[in-house]
Amino acid sequence: MVTEELQDVPLYYVLDHLSSTVHCNTPPMLQFRSALLHAGYSVSFSHACKNAVKTDAPAGVLWDIIRCWEKSNPVKRERLSETSPAHHILSKEPTLQACFEIREDANPQSRKRHLTRFQENPQANWGPKARAKAGGGISSELEDKRKQFQGKRKKQITDSSQLKSFPCKKFRKGTCTYGDKCCYSHELEQETEENMD
């Protein structure tokens with residue numbers, strides 16, 4: 001994928017940002033790339049961002065293509081402030097008439113072959129973990145606790161008997177007034193109190 005990028009163009013444009021500046025729908029990437037190719041400029045994707053294009057076209061050409069796209073997907077001009085960048089950009093007529101007909105060379109070989117373009121996370125629960133402990137690793141008690149509470153908010157509990165598997169926070173603080181009628185568990189706290197004695 002990196003070998004398909006333009007080598008002499010260090011920077012890239014994010015297509016979403018261009019279209020959001022003028023408050024219009026984002027054109028499909030292949031149509032935008034085809035418009036640049038029809039205009040006679042080179043274009044490639046960027047490995048740094050999914051919706052990015054690298055091109056040797058000047059910024060004025062890109063804005064002309066966005067203006068042409070906006071004509072076929074109009075923006076409500078009455079909602080634009082006269083001092084906004086969108087109003088200034090769209091008030092000018094495009095000097096270039098963009099052709100959005102899809103070209104064969106707008107789609108690179110890596111995309112046609114369905115190669116992995118952006119790497120996925122290497123494993124489940126990948127990313128920042130808990131703070132490191134002395135001696136390394138996490139305790140089995142903490143691991144068990146994580147497994148017990150994993151997805152707790154996603155799985156809505158409809159049966160009150162399932163709540164007995166969760167510890168009572170008020171009991172831990174000493175403020176639970178329900179006693180044996182409490183729908184949460186008091187057992188874990190009672191066991192730790194016995195162990196402490």
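I looked first at the burial of Trp 69 and Phe 100, and both turn out to be buried, where buried means under 20% relative accessible area, exposed means over 50%, and partly exposed covers what lies in between (1.4 Å probe, protein chains only). I note here that this is a predicted model, in which local features need pLDDT of at least 70 and side-chain atom pairs count only at pLDDT 80 or more, while totals for chains, interfaces and linings use all residues. I number residues from 1 along each chain as its sequence is written, and the side-chain values use heavy atoms, with hydrogens and water left out.

**Aromatic rings**

I searched the whole structure for aromatic pairs and found 1. The ring centres of Trp 69 and Phe 100 lie 5.3 Å apart with the planes at 70 degrees, so I record the pair as edge-to-face. The pair links distant parts of the chain, since Trp 69 belongs to helix H3 (residues 59-72) and Phe 100 to the loop between helix H4 (85-91) and helix H5 (109-112), 31 residues apart. For the criteria, rings of Phe, Tyr and Trp (its six-membered ring) pair if their centres lie within 6.5 Å, and planes under 30 degrees apart count as stacked, over 60 as edge-to-face and the rest as tilted. Helices (H or I, at least four residues) and strands (E, at least two) are DSSP runs, numbered from the N terminus.

I also checked for charges over rings, and Arg 33 lies over the face of Phe 45 at 4.3 Å from the ring centre; the test asks for NZ of Lys or CZ of Arg within 6 Å of the ring centre and within 35 degrees of the ring normal.

**Helix H2 and the overall fold**

Arg 33 led me to H2, where its neighbours in the list of buried residues are Met 29, Phe 32, Ser 34, Ala 35, Leu 36 and Leu 37. Since 7 of the 10 residues of H2 are buried, the helix is largely enclosed by the rest of the structure. The cover over these buried residues includes H1, strand S2 (43-46), strand S3 (49-55) and H3, with contact meaning heavy atoms within 4.5 Å. Just after H2, Gly 40 takes a positive phi of about 95 degrees.

For the protein, I count 8 helices and 3 strands, which run β-α-α-β-β-α-α-α-α-α-α from the N terminus on. Buried residues make up 29% of the 197 residues, and of the contacts with a separation of 6 or more, 57% come from residues 24 or more positions apart.

**Positive phi at two histidines**

Most residues other than glycine have a negative phi, and most peptide bonds are trans. I therefore looked up two exceptions to the sign of phi, starting with His 23, whose phi is positive and near 60 degrees. His 23 sits in the loop between helix H1 (15-21) and helix H2 (29-38) and counts as exposed because its relative accessibility is 53%. His 114, also not a glycine, has a positive phi of about 55 degrees; its place is in the loop between H5 and H6, and at 71% relative accessibility it counts as exposed.

**Single residues and their partners in space**

Ser 110 is found in helix H5 and counts as buried because its relative accessibility is 3%. Its C-alpha atom is separated by 6.2 Å from that of Met 1, although the two are 109 residues apart along the chain. Leaving aside residues up to four places away in sequence, I find Ser 110 touching Glu 4, Leu 115 and Arg 117.

Thr 95, in the loop between H4 and H5, counts as exposed at 75% relative accessibility; from C-alpha to C-alpha, Thr 95 and Cys 68 are 9.8 Å apart in space and 27 residues apart in sequence.

Gln 148 lies in helix H6 (residues 140-149) and, at 36% relative accessibility, counts as partly exposed. The C-alpha atoms of Gln 148 and Phe 166 are 8.8 Å apart, with their positions 18 residues apart along the chain.
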